[in-house]
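User: Please take me through this structure in short questions and answers.

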Amino acid sequence: MLFRSASADRLAADAGDPGAALDEYLAAILTEGTACSALAGAFSEAGYDLKAAAPNLEPQFVAALDRVLSRAQAAGVVRPDVRAEDLLALVAAACMVTGRPDRDPESGRRLLAVVTAGLRGPAGS
């Protein structure tokens with residue numbers, strides 16, 4: 001699973017282009033998050049509390065995302081005011097929309113393109 005810290009660390013360390021590494025990580029989150037959302041919904045409906053079962057998962061995931069984001073910010077390719085929690089909320093929303101059966105399967109890619117364009121900030125900034 002690309003959500004893991006090791007994948008984020010690999011992307012942050014190996015990427016010649018920190019902005020592209022962030023884009024790749026966000027695309028992986030969208031792909032896996034959309035696939036996993038149905039499973040998470042089924043667990044939730046069955047009364048299984050995922051947050052109680054894995055209380056450290058979200059903080060570890062946010063920390064991994066923050067490492068990739070921080071490298072892109074340090075390179076000047078991502079707005080400095082964006083936080084990992086902001087990205088998580090935006091990509092989670094894209095996952096929820098993309099996972100709906102009445103949506104075009106490509107909607108997630110379009111939404112992610114809007115998010116990544118917004119990360120770069122206004123032209124000339």
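The turns below go from the overall fold to a helix pair, the core and single residues.

User: What kind of model is this, and how many helices and strands are there in the protein?
Analyst: This is a predicted model. From the N terminus on, its elements run α-α-α-α-α-α. The count is six helices and zero strands.

User: What percentage of the residues in the protein is buried?
Analyst: Buried here means under 20% relative accessible area. The protein has 125 residues. The buried share of them is 32%.

User: What share of the contacts with a separation of 6 or more comes from residues 24 or more positions apart?
Analyst: Take the contacts in the protein whose partners have a separation of 6 or more. Among these, pairs 24 or more positions apart account for 67%.

User: Are H5 and H6 roughly parallel or roughly antiparallel?
Analyst: H5 covers residues 84-98 and H6 covers residues 107-120. Their axes lie 9 Å apart, at an angle of about 165 degrees. Angles over 145 degrees count as roughly antiparallel. The pair is therefore roughly antiparallel.

User: Which hand does the crossing of H5 and H6 have?
Analyst: The hand describes how H5 passes H6. This crossing is right-handed.

User: Which residues of H6 meet H5, and how does the contact divide into nonpolar, polar and charged?
Analyst: H5 brings Leu87, Leu90, Val91, Ala94, Val97 and Thr98 to the contact. From H6 come Ser107, Gly108, Leu111, Leu112, Val115 and Leu119. By type, the residues of this contact are nine nonpolar, three polar and no charged.

User: Which residues touch the most other members of the largest nonpolar core?
Analyst: This core holds 23 residues. Ranked by how many other members they touch, four come out on top. They are Leu22, Leu26, Leu65 and Leu87.

User: Which helix gives the largest share of this core?
Analyst: The elements that give two or more residues to the core are H2 (18-45), H4 (57-74), H5 and H6. The largest share is seven residues. Those come from H4.

User: Which residues does Leu22 touch, not counting those up to four places away in sequence?
Analyst: Leu22 is one of the residues that touch the most other core members. Set aside the residues up to four places away in sequence. What remains is Leu65, Val68, Leu69, Ala72, Val78, Leu87 and Leu119.

User: Is Val68 buried or exposed, and what separates its C-alpha atom from that of Pro18?
Analyst: Val68 lies in helix H4. Its relative accessible area is 1%, so Val68 is buried. Val68 and Pro18 are 50 residues apart along the chain. Their C-alpha atoms are separated by 7.4 Å.

User: Ala74 also lies in H4. Is Ala74 buried or exposed?
Analyst: In space, Ala74 is 8.8 Å from Pro18, C-alpha to C-alpha. In sequence, the two are 56 residues apart. The relative accessibility of Ala74 is 73%, so Ala74 counts as exposed.

User: Which residues is Thr116 in contact with, leaving aside neighbours within four places in sequence?
Analyst: Thr116 lies in helix H6. It counts as buried because its relative accessibility is 13%. With those neighbours left aside, the contacts of Thr116 are Asp23 and Leu26.

User: How is Ala113 classed, and what separates its C-alpha atom from that of Asp23?
Analyst: Ala113 lies in helix H6. At 43% relative accessibility, Ala113 counts as partly exposed. Asp23 is 90 residues from Ala113 along the chain. The separation of their C-alpha atoms is 9.0 Å.

Terms used:
Residues are numbered from 1 along each chain as its sequence is written. This is a predicted model: local features need pLDDT of at least 70, side-chain atom pairs count only at pLDDT 80 or more; totals for chains, interfaces and linings use all residues. Side-chain values use heavy atoms; hydrogens and water are left out. Axes are lines fitted to C-alpha atoms, for helices over the stretch in contact, and angles run from 0 to 180 degrees between N-to-C directions. Helices (H or I, at least four residues) and strands (E, at least two) are DSSP runs, numbered from the N terminus. Angles under 35 degrees count as roughly parallel, over 145 as roughly antiparallel, 65 to 115 as roughly perpendicular and the rest as oblique. A crossing is left-handed if the near helix is turned anticlockwise from the far one by less than a right angle, and right-handed if clockwise. Contact means heavy atoms within 4.5 Å. Ala, Val, Leu, Ile, Met, Phe, Trp, Tyr, Cys and Pro count as nonpolar, Asp, Glu, Lys and Arg as charged, and the others, Gly among them, as polar. A nonpolar core is a set of buried Ala, Val, Leu, Ile, Met, Phe, Trp, Tyr and Cys residues joined through side-chain atoms within 4.5 Å. Buried means under 20% relative accessible area, exposed over 50%, partly exposed in between (1.4 Å probe, protein chains only).
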